[in-house]
Structure formats: structure tokens, C-alpha cells
Amino acid sequence: MAIKEVVKAPATVLSTKTKEVDVIDESIIALLDDLYDTMVEHDGVGIAAPQINVGLRVAIVELGEDILEMINPIVIETKGDIVEDIEGCLSFPDVFGLVKRPTYVKIEAADREGRIYELEAEDFEARAIMHEIDHLDGVLFDSKMTRRLTEEELEQLYAEEE
Ligand code: CO
């Protein structure tokens, strides 16, 4: 386990579609643990393998107390209203913007034991999952941003968090 350096945009590894994981071996377990350590170090709520310079289809998202580990995740279904809300990304320090996404997502992925699971999520959690799966397809949130928050709005956002 180790804290890795977060790759900042623009970078080829961030804009390249990742490769599927063939075998969940010790290197994949180590990758999941590195993602976790790096996310916690940088106060993120999710992180994808390309963000630590690994071009594999692996990402994690914080869901309340739990950490959702996604190996080879696919989106099975999205539905609900398309809602615009604020997103940020560890690869874009100090950039926050509005992104439109559906309020519901259903995914399929494997966990570290290799078990295939399905998961439904809504609202903030759905948004976080879709943001991370986008990373695995080489899609960055700035390409979906309808508007970047201004300095004033950012200051207000940080003030609310404190
Ligand atoms: Co991101």
C-alpha cells in the first residue's frame, strides 16, 4: 500500500480508454489499496486507476462508511432526471464546475475477490460512480462541464465546507 502521485490533466493516461483486468491477482489488490491510500491522502471521494498512472479498468468510490471497489465496471442502466450539480476531480486542482448527469445508475463490476456484483446508486453516489467510470473511458469531467465555478463561488463553496 502506498500513496501515489496524482496525475494532473492534461495527460495522455487520463484521456486514454483503460484496459480490462484479465486476472485479479496481487497486483490488482495492491492497486485497489494504492487507490484508497491516495484518495484518502487527497481528501477525494473517488479515484480511478489512470489518476495514479495505471491504464486499467479499476476505480473506487466512497459510499458513506464503505469503499466501493469496481473492477471492470460497466454501466447497465441510467435513469431519472438529468440534474446539474457541482463536481471536482483530483486531477484538476481547484477546478469545480457544473455537470449534468442522471440521478440513478445501475452498474455491474467485480470486487477484489472476483465476485461479480450489481449495484444501484442515486444522486450524489450515482454521480460519483459515473464520474469514475468516465475516467476509465478516458472521459474527463471538464469535457462535460456546462459551466466552471468562478473564484467567488469557489470561496463560498469552501466556506460552506468548513
Ligand atoms: Co476525477
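Which of the 17 residues in the largest nonpolar core touch the most other members? The views below start there and then move around this predicted model.

**View 1. The largest nonpolar core, with H2 as its main contributor.** The residues that touch the most other members of this 17-residue core are Val61, Leu68, Met70, Val105, Ile107, Tyr117 and Ile129. Two or more residues each come from strands S2 (58-63), S3 (66-89), S4 (92-110) and S5 (116-122), and from H2. H2 puts in the largest share, six residues. Take isoleucine 129: leaving out neighbours within four places in sequence, its contacts are Val61, Leu68, Met70, Val105, Ile107, Leu119 and Ala121. There is also a second, separate core of 15 residues, with Val6, Leu32, Val58 and Ala110 among them.

**View 2. The cobalt ion and its protein donors.** Three side-chain atoms sit 2.0 to 2.2 Å from the cobalt ion: SG of Cys89, NE2 of His131 and NE2 of His135. Read along the sequence, the donor residues follow the spacing C-x41-H-x3-H. Both histidines belong to helix H2 (residues 123-136), where histidine 131 and histidine 135 are four residues apart, about one turn of the helix. In an α-helix there are 3.6 residues a turn, so residues three or four places apart point the same way. Are these two histidines, 131 and 135, buried or exposed? Histidine 131 and histidine 135 are both buried.

**View 3. Helix H1 and what packs over it.** H1 covers residues 26-41, and its length checks out: 16 residues at 1.5 Å a residue should span 22 Å, which agrees with the 22 Å between its end C-alpha atoms. The buried residues here are Ile28, Leu31, Leu32, Asp33, Asp34, Leu35, Asp37, Thr38 and Met39. Strand S1 (46-48), S2 and S3 are among the elements covering them. After H1 comes aspartate 43, with a positive phi near 55°.

**View 4. The largest pocket.** This pocket holds about 710 Å³ of space. Its lining counts 27 residues, and the closest to the pocket centre are Asp43, Val45, Gly88, Cys89 and Phe96. So two familiar residues turn up again: Cys89, a donor of the cobalt ion, and Asp43, the residue with positive phi that follows H1. At least two lining residues come from each of S3, S4, H2 and helix H3 (151-161). H2 gives the most, six residues.

**View 5. Valine 95 in strand S4.** With a relative accessible area of 11%, valine 95 counts as buried. Setting aside residues up to four places away in sequence, valine 95 touches Glu87, Gly88, Cys89, Phe141, Met145 and Arg148. How far apart in space are valine 95 and leucine 154, C-alpha to C-alpha? They are 8.7 Å apart, although 59 residues separate them in sequence.

**View 6. Backbone oddities worth a close look.** The peptide bond from alanine 9 to proline 10 is cis, with omega near -5°; proline 10 is in the segment before H1. Asparagine 72, in strand S3, has a positive phi near 55° without being a glycine. Asparagine 72 is also buried, because its relative accessible area of 19% falls under the 20% cut-off. Aspartate 123, in helix H2, is not a glycine either, yet its phi is positive at about 50°.

Methods
Residues numbered from 1 in each chain as written. Predicted model: local features only at pLDDT ≥ 70, side-chain atom pairs only at ≥ 80, totals over all residues. Heavy atoms only, no water. Donors = N, O, S within 2.8 Å, 3.2 Å for Na, K, Ca; no water. Buried < 20%, exposed > 50% of the residue type's maximum accessible area, 1.4 Å probe, protein only. Core = buried A, V, L, I, M, F, W, Y, C linked by side-chain atoms within 4.5 Å. Contact = heavy atoms within 4.5 Å. Expected span 1.5 Å × (residues − 1). 1 Å grid on protein atoms, 1.4 Å probe; cavity = no way out; pocket = protein on both sides within 12 Å on 5 of 7 lines; lining within 4 Å. Points joined across faces, edges and corners; volume = space filled by probe spheres on them.
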